[in-house]
Amino acid sequence: MRKLVLLGGGYGNMRILSRLLPNNLPLDVEITLIDRTPFHSLKTEFYALAAGTSSDHEVRVGFPESGKLTIKYGEITEIDVEEKQVLLADGGAVSYDDLVIGLGCEDKYHGVPGADEFTYSIQTIGRSRDTYAKLGGLPAGSIVGIVGAGLSGIELASELRESRPDLRIKLFDRSPRILRDFPERLSNYVKKWFDSNDVEVVSNSNITKVEPNKLYNHEEVIPVDVVVWTAGIQPAATVRALPGEKDSSGRAILTQYHDLPNYENVFVVGDCASLPFAPSAQLAEEQAEQIVKVLQARWRGLPLPEKMPEIKLKGFMGSLGKKQGFAYMADISVTGRIARLMKSGLLWMYKRHNG
């Protein structure tokens, strides 16, 4: 049997499973999925778990069941592309013929002293649970600093405001305006929501150091009770250790077929892959669609296209609590209740299809 091994049960590998199972897998191919948890985590919703507005059960779905799929739980410590095997923390090893690496990312602290030691995170479901426990246990009037005003920071700040109206929230943004790379209408809408809901946006910020109960913005010392870091990501350490060229963020540079140069049987999907887009669940799924086509062609001995189709994304959606939101699709900005309903509907459809 030919062995296809998927590392990580994220959005990319879930799409691969949905396309291959139950009827699109050759009879001589079997799949092994390796993950540290017994479910697929909805990472796009970790902000709500951390804020306490969604339960743990609401941000996960089960893996598919199939006689052609073996699920192995464990922590991956090394990927040996020469010996074609994956090494696990328990001392075990899993061999492969084809490998898809979808191990996601971890926080990137940009060398800021104390950031890794004194901040909380929403990068994994486990760390999001820890963040919820800390935020939920704060006394009234506590100050929460959220470093990074990208989509994750915006959604966490707004959701936390609804969950804990008694807290003081400061959102630190390096840019002069929120969502600076998108239309000013979106930026103004989000900023107005924060102003109306008493979330302080600290623009043009530069966090230079983190200490217990202290944030240093430039040279100013800001008292805080908790800091949540949403100011950058990098691939998992096992991916950064792979042979081959990486981009400035440590992501693996791939061929147009999404595999490693010199290792055509090793694919990288999602946040670990160097692509001309910001990492997102949508991007991982679109990339996975192409990986499936490449795998199926190679399994059948068919030639690959000289040029793979260009990946086209539909846009993005963000929430501002449970009632308001914003979206940017096909160069059109949508704000308010409609945008929030669109995001909720998309999540419902995803869970219905994969649950």
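The following exchange goes through the sheets, a helix pair and two loop residues of a predicted model.

Colleague: What is the order of the strands in the open sheet of 6 strands?

Modeller: This open sheet has mixed pairing. β5 (69–73) and β19 (259–260) stand at its edges with a single partner strand each, so one side of each has no neighbour in the sheet. Read from one edge to the other, the order is β5-β2-β1-β9-β20-β19.

Colleague: Which residue of β9 is the bridge partner of Leu-6?

Modeller: Strand β1 (residues 2–7) pairs with β9 in the parallel sense, over 4 bridges. Within β9, the residue bridged to Leu-6 is Val-100.

Colleague: Which residue in β20 stands opposite Leu-99?

Modeller: β9 and strand β20 (residues 263–268) run parallel and are joined by 3 bridges. In β20, Leu-99 has opposite it Val-266.

Colleague: Which residues of β9 point the other way from Asp-98 and Val-100, and are they buried or exposed?

Modeller: In a regular strand, side chains alternate between the two faces of the sheet. Strand β9 covers residues 98–101, with Asp-98 and Val-100 pointing one way. Pointing the other way, and buried like the first two, are Leu-99 and Ile-101.

Colleague: Which residue of β20 is the bridge partner of Asp-259?

Modeller: β19 is an edge strand of this sheet. Its pairing with β20 is antiparallel and has 2 bridges. The partner of Asp-259 in β20 is Phe-267.

Colleague: What angle does the direction of helix α1 make with that of β1?

Modeller: Helix α1 (residues 11–20) packs on the sheet. The strands touched by α1 are β1, β2 (29–35), β5 and β9. With the direction of β1, the direction of α1 makes an angle of about 145°.

Colleague: At what angle to β20 does α8 run?

Modeller: α8 lies across β1, β2, β9, β19 and β20. Relative to β20, α8 runs at about 155°.

Colleague: Where is Met-308 found, and is this residue buried or exposed?

Modeller: Met-308 is in the loop between α8 (281–299) and β21 (315–320). Leaving aside neighbours within four places in sequence, Met-308 contacts Gln-256, Tyr-257, Gln-290 and Val-294. Its relative accessibility is 10%, and burial means under 20%. Met-308 therefore counts as buried.

Colleague: What distance separates the C-alpha atoms of Met-308 and Gly-52?

Modeller: Met-308 and Gly-52 are 256 residues apart along the chain. Their C-alpha atoms are separated by 42 Å.

Colleague: Is Ala-140 buried or exposed?

Modeller: Ala-140 is found in the loop between α4 (125–136) and β11. Not counting residues up to four places away in sequence, Ala-140 touches Arg-164 and Asp-166. The relative accessible area of Ala-140 is 62%, and the cut-off is over 50%, so this residue is exposed.

Colleague: How far apart are the C-alpha atoms of Ala-140 and Arg-168?

Modeller: Along the chain, Ala-140 and Arg-168 are 28 residues apart. The separation of their C-alpha atoms is 8.7 Å.

Colleague: Which residue of β17 is the bridge partner of Ile-146?

Modeller: Strand β11 (residues 143–147) and β17 pair in the parallel sense over 4 bridges. In strand β17 (residues 226–229), Val-226 and Val-228 point one way, Val-227 and Trp-229 the other way, and all are buried. The bridge partner of Ile-146 is Val-228.

Colleague: How do helices α5 and α6 pack, and what classes of residue make the contact?

Modeller: Helix α5 (residues 151–163) and helix α6 (residues 184–196) pack at about 30° with axes 11 Å apart, which means that α5 is roughly parallel to α6. The crossing is left-handed. The contact is made by Ile-154, Ala-157, Ser-158 and Arg-161 of α5 and by Val-190, Trp-193 and Phe-194 of α6. By class, these are 5 nonpolar, 1 polar and 1 charged.

Colleague: In the open sheet of 3 strands, which residue of β15 is the bridge partner of Lys-209?

Modeller: This sheet has the order β14-β15-β16 with antiparallel pairing, and β14 (207–211) and β16 (220–223) stand at the edges. Neighbouring strands are turned by 20° against each other on average, direction ignored. β14 and strand β15 (residues 214–217) pair over 4 bridges. The partner of Lys-209 is Tyr-216.

Definitions and conventions: Residues are numbered from 1 along each chain as its sequence is written. This is a predicted model: local features need pLDDT of at least 70, side-chain atom pairs count only at pLDDT 80 or more; totals for chains, interfaces and linings use all residues. Side-chain values use heavy atoms; hydrogens and water are left out. Two strands pair if DSSP finds at least two bridges between them. Axes are lines fitted to C-alpha atoms, for helices over the stretch in contact, and angles run from 0 to 180 degrees between N-to-C directions. Angles under 35 degrees count as roughly parallel, over 145 as roughly antiparallel, 65 to 115 as roughly perpendicular and the rest as oblique. A crossing is left-handed if the near helix is turned anticlockwise from the far one by less than a right angle, and right-handed if clockwise. Contact means heavy atoms within 4.5 Å. Ala, Val, Leu, Ile, Met, Phe, Trp, Tyr, Cys and Pro count as nonpolar, Asp, Glu, Lys and Arg as charged, and the others, Gly among them, as polar. Buried means under 20% relative accessible area, exposed over 50%, partly exposed in between (1.4 Å probe, protein chains only).
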